[in-house]
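User: I'm new to this one and would like a close look at a single helix and what surrounds it. Could you walk me through it?

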Amino acid sequence: MKKIIPQGLLWLSLILPAPSLMAADILVKDGESIQGAVNKASTGDVILVHPGTYKESVYVDKDGITIRGVVIDGEWPVMEGEGVRNDAILYSGNDFTVEWLTITHYKGNAIMGQAGNNFVIRYNRVIDTGVYGIFPQFGKNGLIEYNVLSGIEDAAIYVGMCDNVDVRHNEVFDNVAGIEIENTRHALVENNYAHDNTAGLLVFITPGLPIKTTYDVVLRNNFVVNNNTANFGAPGSIVSKVPAGIGIVVMAADDVIVEGNIISGNKTAGMVVTDLAFITDISSDPDSEPNPDRMVFLDNLMFDNGADPVADVKALMLTQFSRSGPDILANLGSAQEPDNCIINRERYTSFGIKKWSECERKDTKDIVSMLIPGGAPSEVVTTEGRTKLLYQGICAGCHAYNLRMIGPPTLTVQALYLNDPQGIADYIAAPHKVRTDYPTMPPQGHLSPELRRDVAEYMLSVTK
Amino acid sequence: MKRLVLLLSVFLVACSNDNTPDVSSDKAAAEAVQALQQSGSVDGKALYAACAACHGAQGEGNPGLHAPSLANQQDWYLERQLLGFRSGVRGSHPEDGYGAQMQAIAKTLADDAAVKAVVAYIADFKAKPAAKTLEGNIKRGADYYSNLCGSCHGPAAEGNEKLQSPALAGVDDWYLLKQFNHFRDGIRGADQTDRYGYQMGMMGKTLPNAEIANDVIAYIQSLAD
Amino acid sequence: MRGRMRLLIIWLCGASASVPLAASEWTLSDVCPAGFHQRNDACYLQSFYNDYGSLQESGVGGLKTGLPPLREGFSAQQIDLGRLLFFDPLLSVDGDMACSSCHQPARGFSDGLAGSAGRHGQAMTRSAPTLWNVGFLRELFWDARASSLEEQMQGPLFAQEEMANTPAQLLKSLQDNANYRELFKQAFNGEPLRLEQVYTALTAFQSSLVSLSSRYDLYANGFHEVLTQPEIDGMNVFRSFVARCAECHTPPLFTNQQIAVIGSPEPDGVALDIGVAAITGDESQRGGFRVPTLRNIELTAPYMHSGRFNTLRDAVAFYTGGRGHAVPKGEHLSLHWHIWEPNLADHELDLLVAFLKTLTDQSFMPVLPQKVPSGLAPVATQILTH
């Protein structure tokens, strides 16, 4: 039977032995395959990866899987892409955890999520790896903490098209972008150390994506320091268009709060607030609202920013008789409007914030986390639930219990095949026309004999 | 008082008339058994002579003796039923009096060849739909027929040999109703070794009530013309 | 009371019955098409994906992700009427073209041509898209210029170079036909026949063309054993952040329904089709087209908006040919950021093709009518046997 396991219960089951789930540890040693362990694993299992070098890509299409590196005397398990493998870990399942791995030399991403909810990505080291280091996409409710990432040609940590994510206690350096929050709502970026990237923290909207908004983002208590690395992003990528030397970029995102950060030594500007015009040569999207609205800039420590600004910024600043870049640059249009606010503005060098209002909010003590208490509800399909899912997904499209649809009613099939599930299993592999006034059933021979038998037994047991 | 009488007579009809053969029927059945025991023929025509007393010379049936018409039933189905009577999977239930008669008669047929011979003879009768004796809501019957019956018995109740589902159109409506009730009540098709009978036994429990069963059969009757 | 109960029972048990009573030759089915369940006299999809959500209800994501909203809730009769109209050449001015001329069931509801054949066989410039899963799309045409199926179909119906009909002529030809008069009554509660009903019926039918039971779908829903290892490997290339196919061709529909400028080539000697920019006038959308679904892609060669590539192998190879390699000299296109230099190996291209073929599923193919109410010969209702 399909069970909807509340997220909290599932996490609990990882700690406590729950009789219905029977979580197991699966050991992987040097020379063995992590993917092999994933293939064997079921919901709740923990895959323990021992020190060694693992030259593979791992795909997790199951719910409730944990991959945990085992670090012994400073020896880590290393996933090695050798510059030829695509991604190190790609998950689609819900309730996925990956931790304690070193990942290096992949062409694509180190850790990528595609629609898995309730993810945890922590204690990983990602070095010199392709496009993104950590990139959950289309995920709801996730935690990214205590990771160290460097040498990424796009964003080290890229939260793209997600809801409810905390990113905290990470170190990102020598990347093009440190941490990106893009087309995402409800994100807390806290206590991270972003240094020596082209730009440190970026909160923005990319036009042309199916999810159009970024709002409710808090950047708090981060070190954003010396982000002056020359841009080495791939041609055509969004970040390849970001000028070097910027601590924080807020582009088109709404309701962003910046508080308690130490932002220093960024040579173009400490923070840039801008609309979508900041990025050129990208196909426009009428469904993406281009303006940054309702920015809240609270107390931050900013100094030594703007020492050597890029030409555009230098030209802007010259209009204010300055050759240096500012701590805060509100660039054009709505970025300069009074729906944005600031406190203690006199402490910073700035451009374009004259109209910003005084913030009513003075701190963010009320915001503890953006995670969803109890986790995002997610349909966890158990092994037992598979057959029911198959019946409902495939068979029930044509067979109703006691009504004629495309196929005969399940009741009549039950009468015809009483005690003979094998008869159904055989028939559906290669159906032939039996009834003059019903279409021939599409063959299901691609289902294994066991699956056909399972679903046949299920069909005989349906009671409504 | 009137209602009590009505109820009582319904009860009597249900008990006696429906499932318990009357004197004339018993007499005819006994004569058939006797005739078959004496003849020993394997000729279909000769064998059928014993059947004709109840089912009529042309297989047209005789409602008075509760003998259904045979002319509208398919040969493969008649054969299976005769074999079923012979083996005892049909006509053994204590409440199936007419079935018991047929079981006795079928068992006096010499062998399977005799069964085939008599069925072959019946197969040559000209099909002629049995007369309508029931009234019902044909539209409603059609809905239920289409949903639950048609997938085996066919869109025109023409039967489907691949599924061993007999034609129903043209068969006496009173007989269909009685047999349906037998299936529903476990008088027929209650034995799992009677595979096809048991299938119908399961389906006999899927119509919501007797009134709707009546409607379905009225609809089937309407398909005969 | 008892009567009402009975009515209820009839409604519950008998609502979808197909009654073979009708005396008339033309009766619309009152059974919903495959994959659809009847509720309150309307048809609603039942699928693997019904119980899943998606981020921001976007209908895009990963393997177990909910679908975007479907145009559903039409009656079985409206869908069935749409089926007959779809194949009936009465809808064209010359009585020789139907919707199915360019959207042929046997060719994945496309036509096997680079540019579709218009009136008098005249070659058009763009490739006919598949109609499988078209009821999920918010925008239609390669350049996204229509925002509903009702709006879209008035393009080909009334374009001089296509079916070349006029609204008045179309309405008259249907009203003059006794069969259609009767069928529209059946589908629309006896109301007088109007063009809006034609659009509704065709929309109802097209939205019933759902393909979500492929072998890929079985994998996505946990039946991993139905794909072979090369097919799984192909899926992994597909969703990798190197090939990045899944970034725009996003499950479960294998389109994110956005506009993308990818710079795919026109046939030799043909000028650049500027796509969306011709509609919006926005130069940054020059060469932009709607991201097409890849469902049943195996059946709908040739590929891309201009049908430039004859095989799936050629089509996937385009993406590893280098960013902008096929953009004409002197043209500037604001190419999509996912068009890059993935440097895919040859065997990875083969794996991609193997995976794309797992998206083939025609199990809900509608019944193809062997005659249509006009009495004209129905178009493209033969099944191809290979």
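Analyst: Let's start with a term: a nonpolar core is a set of buried Ala, Val, Leu, Ile, Met, Phe, Trp, Tyr and Cys residues joined through C-beta atoms within 7 Å. Keep in mind that this is a predicted model. Its largest nonpolar core has 250 residues, and those with the most contacts inside it include V216(B) and I220(B), along with residues such as I134(A) and L352(C).

V216(B) and I220(B) both belong to the buried part of helix α10(B), so here's a closer look at that helix, because its length can be checked: at 1.5 Å a residue, the 13 residues of α10 (residues 210-222) of chain B should span 18 Å, and the end C-alpha atoms are indeed 18 Å apart. The helix is mostly covered, with 10 of its 13 residues buried. Among them are I212(B), N214(B), D215(B) and Y219(B). What do they pack against? The buried residues of α10(B) sit against α7 (138-153) and α8 (173-185) of chain B. Zooming in on I220(B), and leaving out residues up to four places away in sequence, you'll find it touching Y145(B), A157(B), L168(B), A169(B) and L176(B).

Now step back a bit. Chain B is split into domain 1 (18-123) and domain 2 (138-222). Their C-alpha centres lie 22 Å apart, and 16 residues of domain 1 of chain B are in contact with 17 residues of domain 2 of chain B. On the domain 1 side, helix α4 (residues 75-87) of chain B gives the most, with three residues. That side divides into five nonpolar, seven polar and four charged residues.

Technical notes: Residues numbered from 1 in each chain as written. Chains lettered and ligands numbered in written order. Predicted model: local features only at pLDDT ≥ 70, side-chain atom pairs only at ≥ 80, totals over all residues. Helix = DSSP H or I, 4+ residues; strand = E, 2+ residues; numbered from the N terminus. Expected span 1.5 Å × (residues − 1). Buried ≥ 20, exposed ≤ 12 C-beta atoms within 10 Å, placed from the backbone. Contact = placed C-beta atoms within 7 Å. Domains from an automatic or database assignment. Nonpolar A, V, L, I, M, F, W, Y, C, P; charged D, E, K, R; others polar.
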